[in-house]
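Hi there,

Here is the structure I promised to pass on to you. Have a look at it first, and then read my notes below.

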Amino acid sequence: MRKTTTIFMILFSLTIYATEQTPDLLIYKSDTIYIDTYPLEYLMDKDSSINRTILFYSDDMCMSTDCWRGHIATWRIDNDSLFLVKMVDCCEGYLMKMDEIFGETSSKVFASWYTGELIEYQSWFSVEDESSNSFRCKILNGRVESIVNAKFLGQKKDTALIDNVINSDTSIYVLVDKYPTLMTESKNYEIAELKTFILENIRFPQNDVDCMGAVYISFVIEKNGTISNKEFVRRLCNSYDEEAMKVVDLMTTWKPGLINGLPVRTKITLPIRYRYN
């Protein structure tokens, strides 16, 4: 059985998954939070047309046990409202064009269909209990009703909710105008080309441990092009985790991300999936 590695950048009705699922992301103020809630599934459950469009968005049928819904969504809270701002295919990592799905030209979609609670993601392997979730947000028809955040415990409706782009020198951004570019002696790699760099440099551990799944590593590209804050968001097994981090350690020099032409600190979450063919 041949081992391969798939890199993707970070569909069904509501169900209980037997495999730990890749979380969606929520941008709240200057924080990016992994959430254990999938608001888009509520719309897909109600709207058969949207459900079919997302399910058959790609001609290539690819099923991932840790991402049954087939996509990773990024959400953002702006002005007390919840918006869908990005969708990424789980298997190949390409951006899904939301105007083709929702028929809207806007770069964000108001989640008017969603009523429920956004809860910060906790890995199955976490030693913390559910009560330790540091972020919980109640939504009614797409509008924020209340937020409990570890930074502001007990805070009710936050009227100071702002866009992700804020005027602070130390802010870390997830959505930028231009994403960082990896610089190496042989060539430069745009974000969409990181798959090539990883495949060129990753080595499978020489042991008898067979792991299938994904390692998630996040890091920050600083304004001077250096890399910082490397950490595991989700582990797989030790030898595979270590190999994935070794590849990230090779990514030493970058062109920083830009907003309005100015360099900003940019956070990247890089999932590396090991699977067998």
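Let me start with a small sheet of strands. Please keep in mind that this is a predicted model. Three strands form an open sheet in the order E12-E11-E15, and their pairing is antiparallel. The edge strands are E12 (188-189) and E15 (253-255), each of which pairs on one side only. Strand E11 covers residues 181-183, and 3 bridges join strand E11 to E15, the two running antiparallel. If you want a spot to zoom in on, Thr-181 stands opposite Lys-255 in E15.

Next, the charged side chains. Side chains of opposite charge can pair when their charged atoms come close. How many salt bridges does a search of the whole structure find? The search finds 7, and here are some that you can look up yourself.

Arg-76 and Asp-78 meet through their side chains in a salt bridge, at 3.0 Å from N to O. Are these two buried or exposed? Arg-76 has a relative accessible area of 15% and is therefore buried, as the cut-off for buried is under 20%. Asp-78 has a relative accessible area of 2%, so Asp-78 is buried as well. There is also a network of salt bridges here, linking Arg-76, Asp-78 and Lys-108.

Another salt bridge is formed by the side chains of Arg-265 and Glu-222, at 2.7 Å from N to O. This pair links distant parts of the chain, 43 residues apart: Arg-265 lies in strand E17 (residues 262-276), while Glu-222 sits in the loop between strand E13 (213-221) and strand E14 (227-234). Arg-265 and Glu-222 are both buried.

The side chains of Arg-235 and Asp-241 also meet in a salt bridge, here at 3.8 Å from N to O. Asp-241 has a relative accessibility of 1%, so this residue counts as buried.

Finally, turn to helix H4, which spans residues 194-201. Which residues of helix H4 are buried? They are Leu-194, Phe-197 and Ile-198. If you look down the axis of H4, the buried residues fall within an arc of 95°, so they line one face of the helix. Try turning the model until you are looking along the axis of H4, and pick out Leu-194, Phe-197 and Ile-198.

Enjoy exploring, and write back with any questions!

Best wishes

Notes: Residues are numbered from 1 along each chain as its sequence is written. This is a predicted model: local features need pLDDT of at least 70, side-chain atom pairs count only at pLDDT 80 or more; totals for chains, interfaces and linings use all residues. Side-chain values use heavy atoms; hydrogens and water are left out. Two strands pair if DSSP finds at least two bridges between them. Helices (H or I, at least four residues) and strands (E, at least two) are DSSP runs, numbered from the N terminus. A salt bridge is a side-chain nitrogen of Lys or Arg within 4 Å of a carboxyl oxygen of Asp or Glu. Buried means under 20% relative accessible area, exposed over 50%, partly exposed in between (1.4 Å probe, protein chains only). The arc is that of the directions from the helix axis to the C-beta atoms.
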